[in-house]
Amino acid sequence: MELPVLLLDNAIKRGTILHSDIFEIDHAKFFVVIAVTKDSVVGFFYINSKVNGNVIRKEEQYKLQYQILPTDYSFLDHASYIDATTVTPISIEILVKSIKDNHTSIKGELSNKDLEGLLAKLRSSKLYSKHDKERYFF
């Protein structure tokens with residue numbers, strides 16, 4: 001049975017947290033969706049167990065590390081950080097195929113508090129253009 005793209009309208013939205021092994025790294029990652037457009041899912045803000053040392057030395061990138069806690073998210077074992085430094089799109093078709101093939105699964109949603117906190121950081125960031133802010137963060 002084909003997974004209908006329409007299913008994504010209800011299941012995947014801003015704040016959805018997914019887990020996937022479709023990336024060009026050696027392990028599966030949790031990530032956060034920040035926007036859904038007509039043909040793509042945008043964000044792919046990885047959730048990392050610690051902030052990368054290179055990011056710590058770059059003030060504007062460091063400001064876009066958002067801590068989330070295991071007390072709020074059952075799939076986390078320890079405090080982790082959403083790395084919101086790069087907006088990356090993936091086509092809806094690729095994402096649907098990865099869900100169908102069991103390479104991607106929906107793990108939950110950011111709490112309203114965390115979603116609003118993350119969006120506030122994104123909206124005030126110097127890293128993103130006015131165009132990107134209006135398109136993805138409002």
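Leaving aside neighbours within four places in sequence, which residues is F138 in contact with? The answer comes in the last legend, once the rest of the chain has been introduced.

This is a predicted model, in which local features need pLDDT of at least 70 and side-chain atom pairs count only at pLDDT 80 or more, while totals for chains, interfaces and linings use all residues. Residues are numbered from 1 along each chain as its sequence is written, and side-chain values use heavy atoms, with hydrogens and water left out.

**Figure 1. The whole chain, with six helices and seven strands.**
Helices (H or I, at least four residues) and strands (E, at least two) are DSSP runs, numbered from the N terminus. Follow the sequence and you will meet them in the pattern α-β-β-β-α-α-β-β-β-α-β-α-α. The C-alpha trace spans about 45 × 35 × 30 Å along its principal axes. The radius of gyration, taken over C-alpha atoms, is compared here with a globule rule of 2.2 Å times the number of residues to the power 0.38. For 138 residues a compact globule would have a radius near 14 Å, and the chain agrees with its 15 Å.

**Figure 2. The surface and the interior of the chain.**
Accessible areas come from the Shrake-Rupley method with a 1.4 Å probe, and for residues only the protein chains shown count as cover. About 8,200 Å² of the chain is exposed, with 52% of that supplied by carbon and sulfur atoms. A residue is called buried under 20% relative accessible area, exposed over 50%, and partly exposed in between (1.4 Å probe, protein chains only). Of the 138 residues, 42% are buried. Contact means heavy atoms within 4.5 Å. Among contacts with a separation of 6 or more, 62% are between residues 24 or more positions apart.

**Figure 3. The charged side chains, 18 positive and 18 negative.**
Lys and Arg count as positive, Asp and Glu as negative, and His and the chain ends are not counted. Each charge is placed at NZ of Lys, CZ of Arg, CG of Asp or CD of Glu. The centres of the two sets lie 6 Å apart.

**Figure 4. S40 and I90, two residues 50 apart along the chain.**
S40 belongs to strand β3, which covers residues 40–48, and I90 sits in strand β6, residues 88–91. Their C-alpha atoms are separated by 5.4 Å. S40 counts as buried because its relative accessibility is 11%; I90 is buried too, at 13%. A polar contact is a pair of N or O atoms within 3.5 Å; within protein, one must be able to donate a hydrogen and the other to accept it, and residues adjacent in sequence count only if both atoms are side-chain atoms. One such contact, of 2.8 Å, joins the side chains of S40 and T37. Beyond four places in sequence, S40 touches A35, P89, I90, S91 and I92. With that same exclusion, I90 is in contact with I22, D39, S40, V41 and F44.

**Figure 5. N48, a buried residue of strand β3.**
The relative accessible area of N48 is 18%. Its side chain makes a polar contact of 2.5 Å with the side chain of K29. Not counting residues up to four places away in sequence, N48 touches K29, S80, Y81 and D83.

**Figure 6. F44 and N102, each with a positive phi.**
Most residues other than glycine have a negative phi. F44 is not a glycine, yet has a phi of about 50°. For N102, also not a glycine, the value is about 60°. Where are they? F44 is in strand β3 and N102 is in the loop between α4 (92–100) and β7 (104–109). F44 is buried at 5% relative accessibility, whereas N102 is exposed at 69%.

**Figure 7. I82, a buried residue in strand β5 (residues 80–83).**
The relative accessible area of I82 is 0%. V32 lies 50 residues away along the chain, with 7.7 Å between the two C-alpha atoms. Leaving aside neighbours within four places in sequence, I82 has contacts that include V32, F45, Y46, L64, L110 and L118.

**Figure 8. F138, in the segment after α6 (130–137).**
Here is the reply to the opening question: F138 is in contact with R14, R123 and K133, leaving aside neighbours within four places in sequence. F138 counts as exposed, at 59% relative accessibility. From F138 to A120 is 18 residues in sequence and 9.7 Å in space, C-alpha to C-alpha.
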